[in-house]
Amino acid sequence: MSYILPRSYFRLILFALAALLGLDSCIQNQMEAPLEKIKMLSDKGEFSDALRLRDSLIKLKPLTPDEIQKADSMIEINRRVAIDFRRSKAEVTSQLAKYFPDPESLMAQWEQSKRLEQRFIDGEKRYFAQAVPNLFRLDSAARERMISVEGESVDSLDIIRLNHTAQVIDQTKKAGALTQPVKFGFRYTITLNADAVPDGETVRCWMPFAGEQSPRQQSVKLIGSSPEKHILSPSSDLQRSVYLEQKAKEGVPTSFSITFETLGQAQYFDLEQLNVLPYDTTSPQYRKYTAERPPQILFSDKIKSLAKEIVRGTTHPAEQVKMLYRWIDSHIVWASALEYSTISNIPEYVLETGHGDCGMQTLLLMTMARSLGIPVKWQSGWMLHPGEVNLHDWCEVYYEGVGWVPLDQSFGTQQSANPKLYDFYISGIDSYRLIVNEEYGVPLTPAKRYMRSEPYDFQRGELEWDGGNLYFDQWDWQMEVSYQPIEQPQ
């Protein structure tokens with residue numbers, strides 16, 4: 001004999017389960033808006049409760065497959081936030097004690113000003129992994145104290161850039177002409193932790209590779225890969241990759257590598273010497289690169305009003321871009337960043353906190369410029385300056401009658417009395433680049449099944465297996481670069 005229980009019985013069961021889990025919101029809201037409830041708990045930093053609610057809802061099956069996927073994504077983002085905010089108060093206090101006799105007396109003030117980044121997770125105050133280094137970047141008094149203990153340091157990158165860009169300007173006889181070629185050799189390796197996946201399971205890996213759409217990057221050649229079998233994505237891909245597969249072995253790290261080479265070149269435009277024409281606002285290119293692109297490029301009232309205020313008094317697009325660039329350079333401090341996947345709107349976050357890394361500053365510039373009707377597109381990959389190899393993001397601005405002009409927001413103005421050198425990175429770029437991306441947040445080849453570790457940029461790579469995505473805490477990456485400058489005819 002069988003019979004159907006009334007729906008009220010299931011509601012009572014779920015209510016009892018929620019009570020056992022310590023979740024205090026009404027069960028009706030959990031049934032009618034489970035994703036909103038999980039998000040609310042996540043926003044409050046109640047990650048364990050959000051996880052338990054997700055698990056209980058899946059067991060009782062009031063969620064659709066699409067809702068389960070969205071709930072899983074929220075829980076995964078919580079895990080990533082917890083990795084970013086992994087420093088305890090004791091750890092941070094210990095780091096600061098080297099410079100301050102009583103750091104705890106100052107920490108509340110720094111936290112309130114958002115110069116010491118922290119948040120509550122499951123009732124415990126946790127600090128961003130780079131909170132202390134960022135504090136010295138964001139707080140002038142703290143930085144002075146740090147310098148008094150460690151002494152003043154010289155940034156070798158500033159010297160490299162200044163000398164190199166002076167040569168670029170000197171050798172540029174025609175606006176935008178390619179110059180200062182450098183041949184680069186690369187070996188890129190990704191190593192997945194031993195036993196990150198079960199023995200015999202296939203690990204799928206997407207490795208960053210050189211794009212072939214920019215004239216500044218030529219002679220791109222894939223020399224070899226390990227494993228040997230691979231899929232090289234087409235040159236038309238806006239995020240270029242080499243795809244590899246390998247079976248995991250128990251107790252042994254799973255390693256992937258590629259070797260390749262490129263020819264990189266610098267480019268400089270003296271915009272004051274160019275005839276910039278009015279935009280053709282009907283062209284597909286103009287419409288595409290002046291459009292919003294949720295969730296990161298949104299023309300909020302705050303963004304629009306700020307951009308208009310910054311460029312007040314000028315309508316020339318090149319002058320407007322210069323004013324936006326200088327404003328960001330003087331108001332937004334470069335600082336180590338949270339993982340992009342954990343931030344709902346990066347430009348708004350940058351304005352709220354007053355800091356951001358290269359990609360964050362670039363997205364702010366792009367959003368403000370597009371809101372003014374100036375076409376801008378993303379470009380990123382790696383900076384390759386000797387001794388300073390790292391992930392890096394920049395962009396390109398389109399000027400009618402000129403074309404696409406590179407701009408590196410986070411490199412900022414340079415310490416020089418020469419105005420061309422001072423403003424070089426507003427309309428120029430050096431030779432030391434590996435361009436991987438001509439856009440952000442586009443599909444990889446072949447398509448990735450699970451949520452990406454970095455849903456927007458693509459520089460470190462991506463890994464997954466049948467059980468899900470493999471996040472950055474489960475693998476390491478290494479970029480080795482060799483250099484061969486090429487003499488130019490005089």
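## Charges over rings

A charge counts as sitting over a ring if NZ of Lys or CZ of Arg is within 6 Å of the ring centre and within 35 degrees of the ring normal. In this predicted model, R161 fits that description: it lies over the face of F411, at 4.1 Å from the ring centre.

There's a lysine case too. K377 has its charged end over the ring of W404, and the distance to the centre of that ring is 4.6 Å.

## Aromatic pairs

Searching the whole structure turns up 23 aromatic pairs. Take F424 and Y425: their ring centres are 4.9 Å apart and the planes meet at 85°, so this pair is edge-to-face. Both partners are tucked away, with F424 buried and Y425 buried as well.

W475 and W477 make another edge-to-face pair, at 5.8 Å centre to centre with 65° between the planes. How do the two tryptophans score on accessibility, buried or partly exposed? W475 has a relative accessibility of 1%, and since buried means under 20%, W475 counts as buried. W477 comes out at 32%, so W477 is classed as partly exposed.

Beyond the pairs, there's an aromatic cluster to look at. F184, F186, F209, F260, Y432 and Y483 form one cluster together.

## Strand β15

Now for β15, which covers residues 433-437. 5 of the 5 residues of this strand are buried, so β15 is largely enclosed by the rest of the structure.

Which strand is joined to β15 by 4 bridges? That would be β11, residues 376-383, and the two run antiparallel. If you want one contact to click on, S380 has N437 of β15 as its bridge partner.

## The cavity

How many cavities of 30 Å³ or more does a search of the whole structure find? Just 1. The largest cavity holds about 40 Å³ of space.

Its lining is made up of R216, Q217, G264, Q265, I429, D430, S431, R433 and I435. The elements that contribute two or more residues to this lining are β8 (254-268) and β15 (433-437). So β15 turns up again here: the strand that is largely enclosed, with 5 of its 5 residues buried, also helps to line the largest cavity.

What's the chemical make-up of the lining by class? The lining has 2 nonpolar, 4 polar and 3 charged residues. Glycine goes in the polar class under this scheme, and G264 is one of the lining residues.

Conventions. Residues are numbered from 1 along each chain as its sequence is written. This is a predicted model: local features need pLDDT of at least 70, side-chain atom pairs count only at pLDDT 80 or more; totals for chains, interfaces and linings use all residues. Side-chain values use heavy atoms; hydrogens and water are left out. On a 1 Å grid over the protein atoms alone, a cavity is a set of points where a 1.4 Å probe fits but cannot get out, and a pocket is an open set with protein on both sides within 12 Å along at least five of seven lines; lining residues have an atom within 4 Å of a point. Grid points are joined across faces, edges and corners, and a volume is the space filled by probe spheres set on the points. Rings of Phe, Tyr and Trp (its six-membered ring) pair if their centres lie within 6.5 Å; planes under 30 degrees apart count as stacked, over 60 as edge-to-face and the rest as tilted. Buried means under 20% relative accessible area, exposed over 50%, partly exposed in between (1.4 Å probe, protein chains only). Two strands pair if DSSP finds at least two bridges between them.
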